[in-house]
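Me: I'd like to go through this model with you, pockets before anything else. Can you take my questions one by one?

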Amino acid sequence: MDMETDQIYQVDVGNLLAFNSNHRFPAAPSSREELVKECVTEGTKLVQAIADTLFNFPSTETSDGPLVQLPPPTTKLPREKHLPRPKPPTKWEEFALKKGIQKRKKDKIVYDETTDKFKRRHGYDRVNDDNDIPIIEAKASDEPGEDPFAKRLDDKKKRVGKQEKNRLQNLKTAAKAGALPSHVQLAATALPISGTKAQPQKIGKEALGDVAGLAATSTASGGKFDKKLPGEKPPKKQGKHHKYLPVVPRHGGVDEEKEQTNKVLGKLLSKHSHEILNVGKAINMYNDKKEKKKSGRSDKLKAKKDITKKKPYANKADK
Amino acid sequence: MMEIRTPKTHKAKRVLEKRAPKLVENGKKTLILHGTKTSATLSAVLMELYRLKKGGAIKYSRRNENIRPFESGGETSLEFFSLKTDCSIFAYGSHTKKRPDNLVLGRMYDHHVYDLIEVGIENFKSLLSFSYDKKIAPHEGSKPFICFTGEGFENVPELKQLKEVLTDLFRGEVVDNLNLTGLDRAYICTAISPTKVFLTHCAIKLKKSGTIVPRIELVEVGPSMDLVIRRNRLPNEGLRKEAMKSSKDKPKKKVKNVDQDDVLGKRGRIYIPEQEVGKNPLPDKSKGVKRERREGKLKKNKEEGSASKKLKESE
């Protein structure tokens, strides 16, 4: 953009950018303010130069103000991300190209022969719905015990699985070429152990804590003085939890043991004691105890009588 | 074993599509963060830079000890943040004894460091210290004018790089249409020596002049500082060539309902909504009928009536 003087500015209207390469500061600017003033005046000249071209563009009036069409910027700046790479053709696309198969647009509404109506291709009440087939005619090649409906479902599952596998392969080749579609991510899941399909179970937080506790108890001091990792919780109390009441009640305090026994007695002797006491269970326990007493000791502890051994003088009385 | 993962919500899908590499890119976002130590001036600079770039900048407030842009291993954190926030320019501030009030401006290509330039800040004047008429204060997010003065920007390679980085930083979005009333700010950069650049931010006052082009007046409003060039790192030639590549063809816009034929020429399809003839109520003429028309109608009916009478009589 030419000015009255010799100076030619490099103006990039697309970026609202102007560059004056010919300015030279007179010897040494006297003070900071002088310097600043001079910079601002130079800047004003540059902005005026850009505005000159800008306001002379054909403008359209809108409600917000005059709108002007900016030319594309001339200064080249580096891109943020790489250019989108072309997608490699999928297996089907390659095959179609080779065979010369054209893509045909499918209609949403299709004529149904069986009902003489126009039905939609996909969705509710569709044309060739798998679930609507009432009768499947038996062919000579069919085995007697086979369920053809189940077989159809099975076939469909296999087809869907195959399609998914093919889709994954296509995406893998696209990812290799760096052209994976933006909304798809390929994630590596855990590797299965060869031969099995099971995936290793993830241990939960509580299970991990329990296992750590177990390991701690195996130490000589029962894990009390082990160094704790940051975030590790203190071990839960192992074993039975008993709260023993004081034998001698506190001075002037309530006798807790007495209270406890009174409570139990009260419950037993109350009007509704039959609801608290499980009579059937009590009878069973009593009978068991009686039988055990009869037999003397527990069967396990008693030495077993060897019946194969003959008692020498057991039946001598007969003679 | 690989698994295909697709976003389960439309919003997530739109975010991914926005961040994908495109032919015409979105404006670069700036990531502002600081290192182990910052001085008062430096934190003010970072805060004001964030305010200037409000719509397209992200400011991190915690200190980052493991970011060292000029060392080979110290960029991994930066690249990770750039990936997560989708920012391609960053401004990293730090203050050490050796390099006081240090600001590293860098750019990313594909979320890897592309180039870096380190400047020291001197004579910083915060935007709060400028007093001006509040009416001319620039609006947030307006497209600025950027002006460079001085032969240094052409001759000195470091200043050349700084010019490019500052343009990228202040440019904002590339737009096709611009509203002329929304032009209210300008950045002035002057090379006062081969190693020093004076940067200031001004508001624009448009004054009446004789022609369509108004007379421009600049009023200093924003922060002003001196940038002293310290270190820099230029991009490799190969990377630079790749980043500067641009595809010449514009994205083809699909033109629907038009087909071209050699026999019939260019044909278009028009879809008309169903006109329910008979369902729409007829217009009510009783209100608007003027007296003459009413009388005229009456006359007509009378004549017809008499005509029919005549016919009857004749029969």
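Me: How many nonpolar, polar and charged residues are in the lining of the second largest pocket?
Reply: This is a predicted model, where local features need pLDDT of at least 70, side-chain atom pairs count only at pLDDT 80 or more, and totals for chains, interfaces and linings use all residues. Residues are numbered from 1 along each chain as written, chains are lettered from A and ligands numbered from 1 in written order, and side-chain values use heavy atoms, without hydrogens and water. Ala, Val, Leu, Ile, Met, Phe, Trp, Tyr, Cys and Pro count as nonpolar, Asp, Glu, Lys and Arg as charged, and the others, Gly among them, as polar. By that split the lining has ten nonpolar, five polar and seven charged.

Me: Is A:Gln48 buried or exposed, and why?
Reply: A:Gln48 sits in helix 1 (residues 32–55) of chain A; helices here are DSSP runs (H or I, at least four residues), strands are E runs of at least two, both numbered from the N terminus. Buried means under 20% relative accessible area, exposed over 50%, partly exposed in between (1.4 Å probe, protein chains only). Because its relative accessibility is 18%, A:Gln48 counts as buried.

Me: Which backbone nitrogen does the side chain of A:Gln48 reach?
Reply: Leaving out residues up to four places away in sequence, A:Gln48 touches B:Val213, B:Pro214, B:Arg215 and B:Ile216, with contact meaning heavy atoms within 4.5 Å. At 2.8 Å, its side chain reaches the backbone nitrogen of B:Ile216.

Me: Which residue just after helix 3 of chain B takes a positive phi?
Reply: Helix 3 of chain B covers residues 76–85, and its buried residues include B:Phe81 and B:Thr85. Just after that helix, a positive phi of about 60° is taken by B:Asp86.

Conventions:
Polar contact = N/O pair within 3.5 Å; in protein donor to acceptor, adjacent residues only side chain to side chain.
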